[in-house]
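User: I'd like a close look at a single part of this one. Pick out one helix and walk me through how it sits in the fold, then tell me about whatever else seems worth a look.

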Amino acid sequence: MSTVRVRFAPSPTGDLHVGGARTALFNWLFARHHGGTFVLRIEDTDAARSTEAATQVILDALEYLKLDWDEGPGKEGDFGPYYQSRRLDLYKKYASELMGRGRAYHCYCTPEELDQRRQEQIKAGESTRYDGRCRNLTAEEKQAFAAEGRVPVIRFKSLEEGATVVEDLVRGTVTFDNVTQVDDFVIFKSDGMPTYNFAVVVDDALMKISHVIRGDDHLSNTPKQIQIYEALGFKTPTFAHIPMILGPDKSLLSKRHGATSVTQFYDDGYLAEAMVNYLALLGWGYDDSQTIFSIPDLIAKFSLERVSKNPAVFDKQKLEWMNGVYIRELSLEELYEVCLPFCQKEGLLPAEVSPELKAYTLKVLEQLQSRLKLVADVVALASYFYIDDYEYKPEIVQKILTKPQTEDILNFVHAAVKDAAKLDEEHLKPQFQLGLEKYGIKMGDLIQPIRVALTGTNVSPGIYDVLELLGKEKVLARIERTLDMLKKEELL
RNA sequence: GCCCCCAUCGUCUAGUGGCCUAGGACAUCGCCCUCUCACGGCGAAGACAGGGGUUCAAAUCCCCUUGGGGGUACCA
């Protein structure tokens, strides 16, 4: 019987970032490994930046990655609501409890005043912290401030001595000096909303979260939160701060490094299994020889003990390679299913695919499978199998179809194909070999022109496979079309 | 400025005092396969940031320096 309860708590201010996805994944893996509960909580207390659309984007992204939550939006449990914006009463209740216990107070300092004092502290070489001047305001002083039109915030009265220790599952013991590192931070903003550091504690405590697994960037905030837990008499959860994900230049991964949103990866045709496998390896490793992990395997082997301490650079090339690995593992039927939307979107396949067309597509995909890195690549690689007025790549035509014997070779192949009983290697190769002797060329000199004639480019599956798939009628027509084009362009 | 975290090939990492002349994967390069491109196979190159300790023995423990990252908000 497990009491593991973890949560992923994104704030809906934009797309789900791969860093967030990795955090969600580690939480999910930890929960699944221990047979615990994975909670999804939406941290939308920043009314100015949070949107409902962004929430949906995050939900969709998690669904794509198949990270299902046990409690959260659409899955009400015993600890809801799961949107912070709907938990205001709770935050107010605990804030006033803190006030009652003398552990919180109203502060009337303005942002400008605060900022000025901060600058002075920096100049003096001190650590920046609230100086506590509103700690013991009299009723008269408060009234005077209110009369000036100042709207107070609520600050937490932090400990004035000692140290706060974070016992972290991946970092070990981290000690923070209370005097210089934990100041009287704001727990309720003047707009009546709680701050992150306060809401997160109330929520995690009330939702009975046992392990807080989150990004390294939260480590510095942890002592503040621990003091809240203790002031409120809550049991502190176990913490695990996982390393950040960086861009190639070692700075925090962000949009300027290219695609970073999960939605973008989905649109580019990354398989969920590949994304999950790759993300799992960013900051976690099992042993020296394994890089490909199925999801059940990941669940079985994942542990926080093996989470790395150092930040990881996001290597898109490795992700692409891995995606290729997963594409190659797909059955043809599965490959067809994932490729279908991309082909339909680009007009290669109609909304309703006939059984004949599907059978043809299955054969095309069989040839393309080892050549795909992204599912989206299928459109570019398969187009000439579906489009008869494919374009010729000028530089390729120039390079391959302008040799003196081109016309003869194409005519020769045209004749050979026309007479062939079947367009496969067995029937065609002997014929082609005759051409080799006749023109004094090598197989490549014969095949490359055919390839360009049939596909418009110099890269394709094996030529006999292309010939067979296209069929006699199209092959003949395409050779004729190419000859016409060459004459028209005066390249012969 | 102050505080915290981190430090093995270009990248992700294995390594928890002797098994390390440091292993794997991606990327790179070469060869093989071959009609092109992939796939696949074989091989090469490539790292313990620097300096002090501790120890018979250090990539592994301690300290300093350097470098990188994060926090320091009425953002989360």
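Analyst: Keep in mind that this is a predicted model. Let's take helix H18, and start with what its inward side touches: the buried residues of H18 pack against three other helices, namely H17 (406–419), H19 (443–455) and H20 (463–470).

H18 itself covers residues 425–439, 15 residues in total. From the first C-alpha to the last it reaches 20 Å, which is close to the 21 Å expected at 1.5 Å a residue. Which of its residues are buried? They are Leu428, Phe432, Gly435, Leu436 and Tyr439. Look down the axis of H18 and these buried residues fall within an arc of 105°, so they line one face of the helix. That spacing has a simple background: an α-helix has 3.6 residues a turn, so residues three or four places apart point the same way. On the face of H18 turned away from the buried side you'll find the exposed residues Glu426, Glu437 and Lys438. Right after the helix comes Gly440, with a positive phi near 65°.

Two of those packing partners, H19 and H20, also turn up at the RNA: each supplies at least two residues of the surface near RNA strand B. Helix H4 (111–123), helix H12 (316–329) and strands E4 (153–156), E6 (172–177) and E11 (312–313) each do so too. In total, 63 residues surround RNA strand B, and the closest are Thr128, Arg171, Lys189, Ser370 and Ser460. Sorted by class, this surface has 21 nonpolar, 24 polar and 18 charged residues.

What part of the RNA faces the protein? Of the strand B atoms within 4 Å of the protein, 71% belong to sugar or phosphate, and the rest to bases. For individual polar pairs, a side-chain atom of Lys250 lies 3.1 Å from a phosphate oxygen of RNA strand B, while one of Gln181 is 3.2 Å from a sugar or linking oxygen. Lys318 goes to a base instead: an N or O atom in its side chain is 3.1 Å from a base nitrogen of RNA strand B.

One more spot, back in the protein: Val307 lies in the loop between helix H11 (295–301) and E11. Val307 is buried, with a relative accessible area of 7%. Not counting residues up to four places away in sequence, Val307 touches Phe26, Val170, Ile242, Pro243, Gly283, Trp284 and Phe302. Its C-alpha is also 9.1 Å from that of Leu169, although Val307 and Leu169 are 138 residues apart along the chain.

Methods:
Residues numbered from 1 in each chain as written. Chains lettered and ligands numbered in written order. Predicted model: local features only at pLDDT ≥ 70, side-chain atom pairs only at ≥ 80, totals over all residues. Heavy atoms only, no water. Helix = DSSP H or I, 4+ residues; strand = E, 2+ residues; numbered from the N terminus. Expected span 1.5 Å × (residues − 1). Buried < 20%, exposed > 50% of the residue type's maximum accessible area, 1.4 Å probe, protein only. Arc of directions from axis to C-beta. Contact = heavy atoms within 4.5 Å. Near = heavy atom within 4 Å. Polar contact = N/O pair within 3.5 Å; in protein donor to acceptor, adjacent residues only side chain to side chain. Nonpolar A, V, L, I, M, F, W, Y, C, P; charged D, E, K, R; others polar.
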